[in-house]
Amino acid sequence: MKKFATVILLVLFGIISATAQDTKTDHPSPIDDNYYPTNNSDFHYFFLRKNSRLSEGLVGYEMDFHQDRVSSKSKFFIPLVNRKKWNYVIPIYYDRHQFTSASNEMDINTEYRNFFFQSVLNYYSSEKLTFTSIIEGRIRGNAESHFESRGNMLAHYFVVKYQLSNQLSIAPAILAGHQWNVDNEFVFFPSLELKWNPNKDFALMAGVPGLLGIEWSMAQDIDVVMHSMMDNGVLTVNASARKRFNDYFEFSLHYDQDGYGNTYLPSNIVNSEEGESYHYNQVNQKENSISAKLTFKPTKEVLLQVKGGYNYNSELTLSNNDTEQVGVKGEAGFYSGIAAYWRFTK
């Protein structure tokens, strides 16, 4: 798999390099101009995708209807300051998911929630140099444990972005904070992120630890996007291809591998049909799905979606105080969904 990915990236590098022009890339890309909501990229890559300036606001809501459960995602981007030298934005995510086991072997029906927020302050020292200060927090759990301290995190993320050329930028960063686990942990790690942008139609983003993004606007108004990120031990992958028919209608195909790690729930016991008992107070969740989405844009600011898909893999790993107990298969099957987004400018 790693060799295959390396070959693909080398082929893309050759194709784009052959057609690249050393032109400025500070104008919007076709993907930025034609809003493309994906599960994890709207803000996490903002300092790479939008040159550290996300000036528009966003309100978004998605809901998926499975056979015996419902999941939803909410997004709020609140721009407060957008000046030449300063930019200040508050992004908020709130997700709710349900898990239903596939059989009676271990009967589990539970909910888990993810509340993630950031406070992002940018200072543009020059056209090439940007300093970003991000205070971020994560609160996870269910209705009973959501606002308990266990499993949650508060950290400061400091990023320095430097434009090496019109095509290449580099962003070293340091994250330091506190994570309330079984053993309360001081979190500290450096990171390094790169963006290669040979022209406005293509962007390659890569980082350590755990960030990879490809965005390519091709001929015939076709866009291809792939983002991958590691979050608390769980790898998320979101890939999609979109066809823009006109200013109003779009159609896209999606592959999503999503999940959450280290989510604390109230202590519980689950019994298997074999008579085994498992004590748990943590879960790691992962889902894989494919879907198709039809998008209608009545105005440039409003986006409405209907979707249908198939969730072919759902897993829940039960742990007790960081010790893994047992894995549980979730139900698979078809689902439908709706989404609505409103982009506004302060």
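A residue counts as buried when its relative accessible area is under 20%, as exposed when that area is over 50%, and as partly exposed in between. With that in hand, welcome to a few close-up views of this predicted model.

**View 1. Arg244 and Asp221 meet in a salt bridge.** Arg244 has a relative accessibility of 11%, so this residue counts as buried. Its partner Asp221, at 38%, is partly exposed. The side chains of the two come together with 3.5 Å from N to O. This pair links distant parts of the chain, 23 residues apart. Arg244 belongs to strand β12 (residues 234-244), while Asp221 sits in the loop between β10 (211-218) and β11 (222-231). Look around the pair and you will find a wider network: salt bridges that share partners join Asp221, Asp223, Arg242, Arg244, Glu250 and Lys297.

**View 2. Lys307 pairs with Glu62.** Here the closest N and O atoms are 3.0 Å apart. Where along the chain do Lys307 and Glu62 lie? Lys307 is in strand β15 (residues 302-320) and Glu62 is in strand β1 (residues 56-65), so the salt bridge links distant parts of the chain, 245 residues apart. Are these two residues buried or exposed? Lys307 has 9% relative accessibility and is buried, and Glu62, at 4%, is buried as well.

**View 3. Asp201 forms a salt bridge with Lys200.** The closest N and O atoms of this pair are 3.5 Å apart. Asp201 has a relative accessible area of 29%, which means that this residue is partly exposed. Lys200 is also partly exposed, at 38% relative accessibility. As a general note for this view, side chains of opposite charge can pair when their charged atoms come close. How many salt bridges does the structure hold? There are 15 of them, and Asp201 with Lys200 is one such pair.

**View 4. A patch of negative charge lies on the surface.** Which residues gather in this patch? They are Glu105, Glu273, Glu274 and Glu276. To find Glu273, follow the chain to the loop between β13 (249-271) and β14 (277-296). Glu273 has a relative accessible area of 59%, so this residue is exposed.

Notes: Residues numbered from 1 in each chain as written. Predicted model: local features only at pLDDT ≥ 70, side-chain atom pairs only at ≥ 80, totals over all residues. Heavy atoms only, no water. Patch = residues over 30% accessible without salt bridge, like charges linked within 9 Å, V, L, I, M, F, W, Y side chains within 5 Å. Areas by Shrake-Rupley, 256 points an atom, 1.4 Å probe, with all protein chains shown as cover. Salt bridge = Lys/Arg side-chain N within 4 Å of Asp/Glu carboxyl O. Lys, Arg positive; Asp, Glu negative; His and termini not counted. Charge placed at Lys NZ, Arg CZ, Asp CG, Glu CD. Helix = DSSP H or I, 4+ residues; strand = E, 2+ residues; numbered from the N terminus. Buried < 20%, exposed > 50% of the residue type's maximum accessible area, 1.4 Å probe, protein only.
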